[in-house]
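Visitor: Hello! Could you walk me through this structure, one question at a time?

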Amino acid sequence: MNSPCIKIDKQYGEDVIKILKEAHILNSDLRPKIMNNKLLIPVIDEKKSLYTIKGITDIELCNDSFEEYKFKPRKLNRLIKGISSYSIIGDIAIINYKKDMELLEKAAKEIVKINPKIKSVYAKIDTEGEYRVPKLILLYGEKRTITKHKENGLIFYVDIEKTYFNPKLGGEHNRIANLTKDNEIVLDMFSGVGGFTLNIIKRNKANVLGVDINPHAISLSSLNYIVNKKSLKGEAIFMRANALFLQDIIKNKFDRIIMNHPTGSINFLNTACKLVNDRANIHLYAILENKNLKLDNIKNQLKISCNKTYEINEPRRVLEYSPKYSIYEINIKLI
Ligand SMILES: C[S@@+](CC[C@H](N)C(=O)[O-])C[C@H]1O[C@@H](n2cnc3c(N)ncnc32)[C@H](O)[C@@H]1O
């Protein structure tokens, strides 16, 4: 499909797409593409995008053909009113729960029609407990919860019922992997099935320790490590532990600590602070109100629990959590 577009340097792609999306001028039905080392991004309003992006990178206006995204949730919304979003993990689709069972079953059938590779469709009622796993109802197809998901060229075996997994985190896994450097020692404090860990060691000769309290997550991350081993440059070890007590178990210090447990990570800052090297980076994921991005809780917690010098970067929005709140990454840099 043809669309007006902007042509930019690839390296600014992620940031520019985010800005265009927030300004509602990204044509999100079409997939951006790379041509002659430049990134072509389909837009709704060329002039407005020129104005919005000005100063970030050089931009050329263009008009080109783009592939349409096949499984856009919006398409489903057009077909079935009331079902706004669903996600796909491997060959399983998950719809965010709306109370009307009949509507959900209709939506499940529609999803399979749009995307024939889907074998099961579930409704997610909630995310619960320490393991942050979803409560699910089968709507359509096989009663199977284990699937194979591809992300950034890696294979992840996921049990959608027993482990946390969000396919929307692929971009963030990639971003943190790109910030990491060879020879870094990294702690992935809440590693799940290994998303951050494996993306990091795919791109870098780094050493990562992945920790999770959920035994199923540790089994699957270890499996995912073995399955992807041939395409990995670095090394990883996965350990089942309560991250709260890591400073009593581990003697190493880390150059980078990833704290991706948005509903609880703030309580682990004390532990992280004890495990960091000089000039380390902590990536703390927390839920903040979109409007005011108040960091008071985090700053207070750091004051109480971390007697080191650090600076806190601007929060970076990663995922929507609810209409009012989002999950943000807060980069705490030891100086
Ligand atoms: C949001 S998920 C992590 C997702 C993962 N980082 C990814 O990118 O896919 C949070 C994880 O924290 C783990 N968790 C919760 N409390 C923990 C604790 N006290 N110690 C270690 N892991 C914990 C949960 O089991 C869950 O897998």
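Visitor: How many residues surround the ligand?

Guide: First, a word on the model: it is predicted, with local features needing pLDDT of at least 70 and side-chain atom pairs counting only at pLDDT 80 or more, while totals for chains, interfaces and linings use all residues. Residues are numbered from 1 along each chain as its sequence is written. A residue is near a molecule or strand if its C-beta atom, placed from the backbone, lies within 6 Å of it. The closest to the ligand are Phe190, Gly192, Gly195, Asn214 and Ala243, and the number surrounding the ligand is 22.

Visitor: Which elements give two or more residues to that shell?

Guide: Helices (H or I, at least four residues) and strands (E, at least two) are DSSP runs, numbered from the N terminus. The elements that give two or more residues to the shell are helix H6 (195–203) and strand S12 (207–212).

Visitor: Which strand does S2 pair with?

Guide: Two strands pair if DSSP finds at least two bridges between them. Strand S2 (residues 33–35) has 3 bridges to its antiparallel partner, and Ile34 stands opposite Leu39 there. The two form a hairpin with 2 residues between them. That partner is S3.

Visitor: Why is strand S3 largely enclosed by the rest of the structure?

Guide: A residue is buried if 20 or more other C-beta atoms lie within 10 Å of its own, exposed if 12 or fewer, and partly exposed in between; C-beta atoms are placed from the backbone. S3 covers residues 38–42, and it is largely enclosed because the buried residues number 4 of the 5.
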